[in-house]
Number of protein chains: 2
Amino acid sequence: MQQESGHRSNRDRTEATRADLIRAARKLFTEKSYAETGTPEIVAEAGVTRGALYHHFADKQALFGAVVEQEAAAVAAEIDHASPPSLSARDALIAGSDAYLEAMRAPGRTRLLLLDGPAVLGRAAMDEIDNRHGNRSLREGLVAAMRAQTMTRLPAEALTALLAAAFDRAALAIEAGAPAEDYRAVLIALMDGLSPVRPRPTRPAPSR
Amino acid sequence: MQQESGHRSNRDRTEATRADLIRAARKLFTEKSYAETGTPEIVAEAGVTRGALYHHFADKQALFGAVVEQEAAAVAAEIDHASPPSLSARDALIAGSDAYLEAMRAPGRTRLLLLDGPAVLGRAAMDEIDNRHGNRSLREGLVAAMRAQTMTRLPAEALTALLAAAFDRAALAIEAGAPAEDYRAVLIALMDGLSPVRPRPTRPAPSR
DNA sequence: TGTTGCATACATGCAGCCTGTATGTTATTT
DNA sequence: AAATAACATACAGGCTGCATGTATGCAACA
């Protein structure tokens, strides 16, 4: 059994402190907004001082960026986990949509990723993050569908971005209390509308 | 000829000062971000003191709200102005889309209405503003199309919100330098996809 | 019509907080 | 043990919101 707080390698210290800071910041950024959360509050929650924060991150915005990055990765992981590769292009897209909407129900995620994120980091930075995580699978799904001739050919970049925007707005509306089935139905209708052949409407919905 | 700075009714003073403040704030909020713009800077630009600001507006956020309100109304006016009522439902929607994308090219408008707006005022407040101005015509256009059987019946609220979200993202992408034709094409494809009958693709585009 | 009293439209000054940085101290690594 | 990394502490500047002070418009009454 090794000593409790004895030797700790510098890399371990850094890793632990950064993780503590990101965890604390995530908690507060999801409870309140970026602007309403101060660095004194964050470091108190993390159990360190502001010196540690500014040692590991350039500024408050950089810490926020790290939180967003992590959260975007988590959402992407949940989606990948929920959509097996054995589905048809269309079913895969629908499964992915449901997984996304479900993932975005985590408290504060919409504000973090869809409201504060774009405002604080800028749309360009958010696009970059999205393309590295969440949007990748969406884009691949769309390209696959187009390649399988089940979807009219369209500029992939633009199509991905606009559908993603619709998903985002749906997540926001649902969190605000709007009927989830309505938004799910419209999302599916939008995607199905892009097929040259009319897909027969599947069973109503998991209605989740 | 009446005296230059002689009598000025209180209502005139209020109106003028409020207008000056909103104008100055709009200028700065579109040049920089909400967070980067300080009230000292705003009042200097407006030629008043901070006392005047806090006399007329509850806080900085309220002033921002007034700016957003005005800007949303301006966008809606430009759209209404550009879409004559003599068009078919589909053509009217396309004309409205083009007008919207064109209106959003005004410098700083995307940041004001699409980035800072939702983050500072919240999505709920922005929805309320949008529904009072811009989205109204979009929603009416969609309902008209559905009623004319040229569009599958879908929950109007959700459809309006999601299409609006796509428009918004398109405006952001275009401002970021993305090819406008791509996004216009996808937007039209999304709307056309909702028709039971396949509309034949019209001439390429104004390609603006 | 003049004046008296109040409300409105500001200007100025202050208190508190927050961010970023500079400097000091302790623990690691070499 | 020297150097470097990982912090803690202290400080400077700026900003927001409010409280207080002042001048101007306004309304009623004499």
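**Notes on a two-chain model with two DNA strands**

1. Let's start in the middle. The largest nonpolar core has 120 residues, and A:Leu162, A:Ala166, B:Leu162 and B:Ala166 touch the most other members. A nonpolar core here is a set of buried Ala, Val, Leu, Ile, Met, Phe, Trp, Tyr and Cys residues joined through C-beta atoms within 7 Å. Buried means that 20 or more other C-beta atoms lie within 10 Å of a residue's own, exposed means 12 or fewer, and partly exposed is in between, with C-beta atoms placed from the backbone. As background, nonpolar side chains tend to be buried together in soluble globular proteins.

2. Before going on, a word on what you are looking at. This is a predicted model, where local features need pLDDT of at least 70 and side-chain atom pairs count only at pLDDT 80 or more, while totals for chains, interfaces and linings use all residues. Residues are numbered from 1 along each chain as its sequence is written, chains are lettered from A, and ligands are numbered from 1 in the order in which they are written.

3. Now take one of those core residues. Setting aside neighbours within four places in sequence, B:Ala166 is in contact with A:Leu162, A:Ala165 and A:Ala166, and also with B:Leu187 and B:Leu190. Contact means that the C-beta atoms of two residues, placed from the backbone, lie within 7 Å.

4. Chain A itself has 10 helices and zero strands. Helices (H or I, at least four residues) and strands (E, at least two) are DSSP runs, numbered from the N terminus. The C-alpha trace of chain A spans about 65 × 35 × 30 Å along its principal axes. Of its 208 residues, 42% count as buried. Among contacts in chain A with a separation of 6 or more, 66% come from residues 24 or more positions apart.

5. How many residues of chain A are in contact with chain B? There are 32, and they meet 32 residues of chain B. Helices α6 (109-121), α7 (123-132), α9 (156-175) and α10 (180-192) of chain A each supply at least two residues of that side. The largest share, 12 residues, comes from α9(A). By class, the side of chain A that touches chain B has 24 nonpolar, two polar and six charged residues. For these classes, Ala, Val, Leu, Ile, Met, Phe, Trp, Tyr, Cys and Pro count as nonpolar, Asp, Glu, Lys and Arg as charged, and the others, Gly among them, as polar.

6. The symmetry is neat to follow. A turn of 180° with a shift of 0.0 Å along the axis lays chain A on chain B with an RMSD of 0.0 Å, which is the relation of a two-fold axis. The superposition is by least squares on the C-alpha atoms of residues with pLDDT of at least 70 in both copies. In chain A, A:Gly193 comes closest to the rotation axis, at 1.9 Å (C-alpha). The same surface serves both copies, as 100% of the contact residues of chain A recur in chain B.

7. On to the DNA. Strand C is surrounded by 22 residues, the closest being A:Gly38, B:Thr17, B:Thr49, B:Gly51 and B:Ala52. A residue is near a molecule or strand if its C-beta atom, placed from the backbone, lies within 6 Å of it. At least two residues each come from α2 (39-46) and α3 (50-56) of chain A, and from α1 (10-31) and α3 (50-56) of chain B. The surface near strand C has four nonpolar, 12 polar and six charged residues.

8. Which residues come nearest to DNA strand D? Of the 22 around this strand, they are A:Thr17, A:Thr49, A:Gly51, A:Ala52 and B:Thr39. Here α1 and α3 of chain A, with α2 (39-46) and α3 of chain B, each supply at least two residues.

9. Helix α2(A) has A:Ile42, A:Val43 and A:Ala46 buried. Seen down the axis of α2(A), the buried residues fall within an arc of 90°, so they line one face of the helix. The arc is that of the directions from the helix axis to the C-beta atoms. Those buried residues pack against α1 (10-31) and α3 of chain A. Just after α2(A), A:Gly47 takes a positive phi of about 80°.

10. A last one to look up is A:Glu175, in helix α9 of chain A. A:Glu175 is buried, with 20 other C-beta atoms within 10 Å. Beyond its neighbours within four places in sequence, A:Glu175 is in contact with A:Arg105 and A:Thr110. A:Thr110 is 65 residues from A:Glu175 in sequence and 8.0 Å away in space, C-alpha to C-alpha.
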